[in-house]
Amino acid sequence: MARLTALIKVNSMSEREVKVLSIPEGLDQERVDAALARLLGLSRSVVVGLLESQEVTRKGKALGKSDKVLTGELLEIIMPAPKGEPTLTPTPIDGLKVVYNDENIIVIDKPAGVAAHPSPGWTGPTVIGAIIAAGFNVSTSGAAERQGIVHRLDVGTTGLMVVAKDEISYTHLKDQFRDRTVGKVYHALVQGHMDPSEGTIDAPIDRHPKEDYRFAVVADGKPSITHYKALEYFRAVSLLEIELETGRTHQIRVHFSALHHPLVGDLTYGADHTIADRLQMNRPWLHARELSLTHPVSGAKLHFTSEYPADLRRALSLLEANQERD
């Protein structure tokens, strides 16, 4: 009864959300602090604070940060208090790589650990904050915290993003993404060997019916289409080239997880942590490799390519060094 009273007090006085999470297979035997940081998108220090405050429980018993979690068990978490509406602030990023820049648009090569824009609960750097900190102007269209943002990459995804610098460019780029005329090519390392080696995944996506921190293939979801082609097979994994016809949140991650070929390192969607550990991956192996679009003002056809960052190259080198190519 004391526990129930505490929860009521938390909810009525500070409006803190209570989440109940099921542990996915890929996080079996992980420390609870590491597992929740991945699942909730919170920093490790924030999660440790929740654990130290006895705000993470399993079957009514508070967990310590070094406790291990098991596949399928349910954890109850009292989430951190909301900090109000997200605000746009400069967030400098050392070595921000600008691939293209003119008076209308800017194309950047996003590193891992950077969100596209501010959002509730996110305290790390953002693409739009980094662009502003570097002295570039951006469009004022869209929500105040999303100025100039016409598409997004997940925090853990690296690669190419375009941002609008004026209102006309913002409108034209949004139209191109809506009309699906923008070319988006990703490279991903997935578990197992894709068979067939080339194909199309046409499966609707929406919020997971039980776990709102992730998405899933559901019958009444939004139409979602992913094209793929195997580039190379290694032992136990495949390197794929992927083209998106639609752009749903977590689309690539959800589609390949649904086929039982989750992305290497993507523990949220069922990846095997032993493969991730062996390849030294602490995020999904996913890179926005190519971006093609029409310049919103000049009408010129633009095409950009991004090289793999160091951690993705290292994972491939480990596969090759250990003679794991079939």
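**Close-up views of a predicted model**

**View 1. Gln 29 in its loop.** With a relative accessibility of 43%, Gln 29 counts as partly exposed, since that class lies between the limits of 20% and 50%. Please keep in mind that the model shown here is predicted. Gln 29 belongs to the loop that runs between β1 (18–22) and α2 (32–40). Its backbone deserves a look as well: phi of Gln 29 is near 75°, a positive value in a residue other than glycine.

**View 2. His 260, another residue with positive phi.** His 260 is not a glycine, yet its phi is positive, at about 65°. You will find His 260 in the loop between α6 (251–258) and α7 (273–278). Is His 260 buried or exposed? At 69% relative accessibility, His 260 counts as exposed, because this value is over 50%.

**View 3. A cis peptide bond before Pro 196.** Here the bond to check is the one from Asp 195 to Pro 196, which is cis, with omega near 10°. Pro 196 sits in the loop between β8 (183–191) and β9 (198–202).

**View 4. The whole chain, for orientation.** Before going further inside, a wider picture may help. The protein has 326 residues, and buried residues make up 49% of them. Its secondary structure comes to eight helices and 15 strands. Of the contacts between residues at least 6 apart in sequence, 66% join residues at least 24 apart. About 15,700 Å² of the protein is exposed, with carbon and sulfur atoms supplying 50% of that area.

**View 5. The largest nonpolar core.** This core has 30 residues, and those with the most contacts inside it are Val 163, Tyr 186, Ile 242, Ile 252 and Phe 256. Elements that contribute two or more residues include the helices α4 (127–133) and α6, and the strands β7 (158–164), β12 (225–234) and β13 (237–244). Which element gives the largest share? That is α4, with four residues.

**View 6. Around Tyr 186, and a separate core.** Not counting residues up to four places away in sequence, Tyr 186 touches, among others, Leu 153, Leu 240, Ile 242, Ile 252 and Ala 288. Glu 241, His 287 and Arg 289 are also among the residues that Tyr 186 touches. A second core, separate from the largest one, has 22 residues, including Leu 36, Ala 37, Ile 77 and Met 79.

**View 7. An open sheet of four strands.** The strand order in this sheet is β1-β4-β2-β3, and the pairing is antiparallel. Its edges are formed by β1 and β3 (61–62), each of which pairs on one side only. Further in, β2 (residues 56–58) and β4 (residues 74–78) pair in the antiparallel sense over two bridges. One bridge to pick out joins Thr 57 to its partner Glu 76 in β4.

**View 8. Strand β14 and its partners.** Strands of a sheet pair through backbone hydrogen bonds, in either the parallel or the antiparallel sense. How do β7 and β14 pair, and over how many bridges? Their pairing is parallel, over two bridges, and Gly 159 stands opposite Ala 288 in β14. In contrast, β8 and β14 pair in the antiparallel sense over six bridges, with Val 185 opposite Glu 290. Antiparallel pairing also joins β14 to β15 (residues 301–305), over five bridges, and here Ser 292 stands opposite His 303. These two strands, β14 and β15, form a hairpin with six residues between them, and Gly 299 in the turn has a positive phi of about 80°.

**View 9. Tyr 100 and Phe 304, a tilted aromatic pair.** The model has three aromatic pairs. In the pair of Tyr 100 and Phe 304, the ring centres lie 5.5 Å apart and the planes meet at 50°, so the pair is tilted. Tyr 100 is in strand β5 (residues 97–101) and Phe 304 in strand β15, so the pair ties together parts that are 204 residues apart in sequence. Tyr 100 counts as partly exposed at 24% relative accessibility, whereas Phe 304, at 8%, counts as buried.

**View 10. Trp 285, Tyr 308 and Arg 289.** Trp 285 and Tyr 308 make an edge-to-face aromatic pair, 5.2 Å centre to centre with 75° between the planes. Trp 285 lies in the loop between α7 and β14, and Tyr 308 in the loop between β15 and α8 (310–321), so this pair ties together parts that are 23 residues apart in sequence. Both Trp 285 and Tyr 308 are buried. The ring of Tyr 308 has another partner too: the charged end of Arg 289 sits over it, 4.9 Å from its centre.

Key:
Residues are numbered from 1 along each chain as its sequence is written. This is a predicted model: local features need pLDDT of at least 70, side-chain atom pairs count only at pLDDT 80 or more; totals for chains, interfaces and linings use all residues. Side-chain values use heavy atoms; hydrogens and water are left out. Buried means under 20% relative accessible area, exposed over 50%, partly exposed in between (1.4 Å probe, protein chains only). A nonpolar core is a set of buried Ala, Val, Leu, Ile, Met, Phe, Trp, Tyr and Cys residues joined through side-chain atoms within 4.5 Å. Contact means heavy atoms within 4.5 Å. Accessible areas come from the Shrake-Rupley method with a 1.4 Å probe; for residues, only the protein chains shown count as cover. Two strands pair if DSSP finds at least two bridges between them. Rings of Phe, Tyr and Trp (its six-membered ring) pair if their centres lie within 6.5 Å; planes under 30 degrees apart count as stacked, over 60 as edge-to-face and the rest as tilted. A charge sits over a ring if NZ of Lys or CZ of Arg is within 6 Å of the ring centre and within 35 degrees of the ring normal.
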